[in-house]
Amino acid sequence: MKAIVIEQYGDRNQLKEKDVDYPVPNEKQVVVELHATSINPIDWKLREGYLKEMLDFEFPIILGWDAAGIVAEVGSAVENFKVGDRVFARPDTTRFGTYAEYTAVDEHLLAHLPENVSFEEAAAVPLAGLTAWQCLVDFSDIQEGDHVLIHAGSGGVGHYAIQIAKQKGAYVAATASGKNQEWVEKLGVDRFINYKEEEFSEVLSDYDIVLDTLGGEIQEKSFSVLKEGGRLPSIVQPPDEDLAAKHGVKAGFVWLEPSGEKLSKLASMMEEGDLVSVIGHRFDLSQEGLQEAHSVSETHHAKGKIVINIK
């Protein structure tokens with residue numbers, strides 16, 4: 001099968017098109033014929049070698065950890081999926097990723113894909129959508145009426161977080177640049193902050209939750225807008241424990257734990273129209289397509305999600 005692989009760490013020119021072996025599933029896996037995947041920052045961070053201590057893979061590595069497609073083969077112990085099912089998943093982080101025509105996925109990480117949701121839209125969701133869910137629901141225990149600030153509301157995780165928070169009945173503020181204001185507000189934002197014109201820490205206070213997608217100085221300033229007992233999940237770096245104690249808030253670093261069960265909840269939201277994927281960039285499964293897609297992701301200014309169409 002065709003795949004885009006890296007054979008050593010380095011810049012995006014390391015992404016090469018190769019013929020590789022078709023995946024062989026174990027008894028609890030299915031093989032998915034991929035119709036689409038999407039790009040996340042973990043892809044190019046791993047490509048550069050930034051994650052090699054944590055994820056010590058042998059080469060060649062197929063990057064990519066978002067899958068949407070059709071079940072092509074099932075392992076002998078698979079119970080809930082059959083050949084021909086439409087599915088999507090955030091597969092385990094292995095060296096056999098989703099920049100390929102087929103991939104093997106553990107059954108417990110798969111979710112059925114509603115008929116009214118396209119493969120392209122579904123492929124954008126798993127990693128970023130589950131990250132947003134874990135930060136707001138699992139870590140922060142979001143409640144109706146909570147005031148929630150989402151940094152970088154026009155990004156992959158940010159734009160799903162806005163929609164999840166709204167669906168839970170929260171009041172949502174989001175930061176982004178002015179060029180993204182119109183579409184970000186359409187997601188239901190109650191208070192839009194153009195970060196180039198307004199300093200969020202000067203105009204917001206008494207918030208229940210701040211979702212930190214940026215780290216550094218932004219994370220530090222975020223403590224001051226939280227009320228006592230507030231929550232600060234970060235997806236970029238562990239928050240300062242002393243600052244958290246000083247402000248009386250729960251703060252922590254959230255590392256994604258994939259889950260087919262939680263993905264099914266996002267699938268229901270998509271089916272009902274409560275969760276849409278904003279896809280700002282599309283590329284094909286080719287050496288050039290993936291190199292360009294990484295280039296866009298590395299700017300940190302992609303609109304919504306970057307999707308790779310495979311079929």
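Hi everyone, let me start at one residue: at 60% relative accessibility, His-300 counts as exposed. Here buried means under 20% relative accessible area, exposed means over 50%, and partly exposed is in between, with a 1.4 Å probe and protein chains only.

A quick word on the ground rules. This is a predicted model, in which local features need pLDDT of at least 70 and side-chain atom pairs count only at pLDDT 80 or more, while totals for chains, interfaces and linings use all residues. Residues are numbered from 1 along each chain as its sequence is written, and side-chain values use heavy atoms, with hydrogens and water left out.

Back to His-300, then. His-300 sits in the loop between H10 and E16; helices (H or I, at least four residues) and strands (E, at least two) are DSSP runs, numbered from the N terminus. Its phi is near 65°, a positive value in a residue other than glycine. For context, most residues other than glycine have a negative phi, and most peptide bonds are trans.

Just before His-300 comes helix H10, residues 287–298. How far apart should the ends of its 12 residues be, at 1.5 Å a residue? The expected span is 1.5 Å times one less than the number of residues, so H10 should cover 16 Å, and its end C-alpha atoms, 17 Å apart, agree with that. Buried in H10 are Gly-289, Leu-290, Gln-291, Ala-293, His-294, Val-296 and Ser-297. Their cover includes strands E1 (2–6), E3 (29–39), E15 (279–284) and E16 (305–309), along with helix H1 (41–48). By contact I mean heavy atoms within 4.5 Å.

That brings us to H1 against H10. Two packed helices are described by the angle between their axes and the distance between the axes. For this pair, the angle is about 105° and the axes are 9 Å apart. Axes here are lines fitted to C-alpha atoms, for helices over the stretch in contact, and angles run from 0 to 180 degrees between N-to-C directions. That angle makes H1 roughly perpendicular to H10; under 35 degrees counts as roughly parallel, over 145 as roughly antiparallel, 65 to 115 as roughly perpendicular and the rest as oblique.

From H1, the residues that meet H10 are Pro-41, Asp-43, Trp-44, Arg-47 and Glu-48. From H10, they are His-294, Ser-297 and Glu-298. This contact divides into 2 nonpolar, 2 polar and 4 charged residues. In that count, Ala, Val, Leu, Ile, Met, Phe, Trp, Tyr, Cys and Pro are nonpolar, Asp, Glu, Lys and Arg are charged, and the others, Gly among them, are polar.

Now, is Arg-47 buried or exposed? Arg-47 is buried, at 0% relative accessibility. Leaving aside neighbours within four places in sequence, Arg-47 is in contact with Ile-6, Tyr-9, Gly-10, Asp-11, Arg-12, Leu-15, Leu-63, His-294 and Glu-298. Elsewhere in H1, the buried residues include Ile-42, Asp-43, Trp-44 and Leu-46. What covers the buried part of H1 includes E1, E3, E4, H3 and H10. After H1 comes Gly-49, with a positive phi near 100°. Further along, in the loop between H1 and strand E4 (61–62), we find Pro-60. A cis peptide bond joins Phe-59 to Pro-60, with omega about -5°.

On to a second helix pair. H3 (residues 126–139) and H4 (residues 156–167) pack at about 50°, with their axes 8 Å apart. That makes H3 oblique to H4. From H3, Ala-128, Gly-129, Thr-131, Ala-132, Trp-133, Leu-136 and Val-137 make the contact, and from H4, Gly-156, Val-157, Tyr-160, Ala-161, Ile-164 and Ala-165. These divide into 10 nonpolar, 3 polar and no charged.

Two loop residues belong in this part of the tour. Glu-144 lies in the loop between H3 and E9 and is exposed, at 69% relative accessible area. Not counting residues up to four places away in sequence, Glu-144 touches Lys-168 and Gly-169. Its C-alpha atom and that of Ala-165, 21 residues apart along the chain, are separated by 8.7 Å. Ala-152 is in the loop between strand E9 (147–150) and H4, and is partly exposed at 23%. Like His-300, Ala-152 has a positive phi, here near 55°.

That's my tour; happy to take questions!
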